[in-house]
Amino acid sequence: MNLEIRRSLPQAQTNVFDLISTEANLGFYIASLGLTSAGTVYLPRALAEHGPAQAMALAIRLVLLRVAMALLVGVVTIWGLPALAAGVSAAGWPVLAGMTHSFAVRALLGHRGAIAAYVVGVGTSTMLSSLLIALVRTRVVFIFGSLSQLLQLVLAYVF
């Protein structure tokens, strides 16, 4: 998908896309906390050893924790990055103040809503996919994964 988006952009905007997608992936990895692996490993075990009720409780806890972490990273991205840039700029150090006015920081601050939306959307969908894969619901993962990728392409084209 990234290749399709990159090819559709004018040459001048590919650097911005690369910068934003790198920062969005970093935010996603921070929000992940290794929960995808935990769901893949512990959900089948909880289902086999303790039954469907315990497996459902575990799945709900994992999804809620992932969504909470993704929202936290999104909130920090939207409101924390501008505050950090303002604080660094106000510190009075010329080198750091110059960095806050760089192309990379301006592009990052200008697209922080897209980064936050990416972290929340991809974080939630990957957690749900891993839980469904752990339960061997591959057809559901295939259908919803395909639909979500199609939605991402449409949104990338629109925005």
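Good morning. I shall start with a single residue: Gly113 lies in helix H7, which spans residues 112-134. Please keep in mind throughout that this is a predicted model. Is Gly113 buried or exposed? The answer lies in between, because its relative accessible area is 41%, and the range from 20% to 50% counts as partly exposed. Gly113 can also be placed relative to another residue, Leu72. These two residues are 41 residues apart along the chain, and their C-alpha atoms are separated by 13 Å.

Let me now turn from the residue to the helices. Two packed helices are described by the angle between their axes and by the distance between those axes. At what angle do H3 and H7 pack? The angle is about 25°, and the axes are 8 Å apart. H3 is therefore roughly parallel to H7, since angles under 35 degrees count as roughly parallel. As for handedness, the crossing in which H3 passes H7 is right-handed.

H3 has a second partner to consider. Helix H3 covers residues 35-50, and helix H4 covers residues 52-90. Their axes lie 7 Å apart, and the packing angle is about 165°. Angles over 145 degrees count as roughly antiparallel, and so H3 and H4 are roughly antiparallel to each other. Here too the handedness can be stated: H3 passes H4 in a right-handed crossing.

My next residue is Leu96, which belongs to helix H5, residues 94-100. Leu96 has a relative accessible area of 27%, and it is therefore partly exposed. How far apart in space are Leu96 and Gly123? From C-alpha to C-alpha they are 32 Å apart, with their positions 27 residues apart in sequence.

Finally, I come to the surface. Which residues make the nonpolar surface patch of about 980 Å²? They are Val140, Phe142, Ile143, Phe144, Leu147, Leu150, Val154, Tyr157 and Val158. Let us take one of them, Val140, as an example. Val140 is found in helix H8, which runs over residues 138-158. Its relative accessibility is 32%, and so Val140 counts as partly exposed. A patch residue must have over 30% relative accessible area, and the 32% of Val140 lies above that cut-off.

To review the helix pairs, H3 is roughly parallel to H7 and roughly antiparallel to H4. Thank you for your attention.

Conventions
Residues are numbered from 1 along each chain as its sequence is written. This is a predicted model: local features need pLDDT of at least 70, side-chain atom pairs count only at pLDDT 80 or more; totals for chains, interfaces and linings use all residues. Side-chain values use heavy atoms; hydrogens and water are left out. Patches are made of residues with over 30% relative accessible area and no salt bridge: like charges are joined within 9 Å, nonpolar side chains (Val, Leu, Ile, Met, Phe, Trp, Tyr) within 5 Å. Accessible areas come from the Shrake-Rupley method with a 1.4 Å probe; for residues, only the protein chains shown count as cover. A salt bridge is a side-chain nitrogen of Lys or Arg within 4 Å of a carboxyl oxygen of Asp or Glu. Helices (H or I, at least four residues) and strands (E, at least two) are DSSP runs, numbered from the N terminus. Buried means under 20% relative accessible area, exposed over 50%, partly exposed in between (1.4 Å probe, protein chains only). Axes are lines fitted to C-alpha atoms, for helices over the stretch in contact, and angles run from 0 to 180 degrees between N-to-C directions. Angles under 35 degrees count as roughly parallel, over 145 as roughly antiparallel, 65 to 115 as roughly perpendicular and the rest as oblique. A crossing is left-handed if the near helix is turned anticlockwise from the far one by less than a right angle, and right-handed if clockwise.
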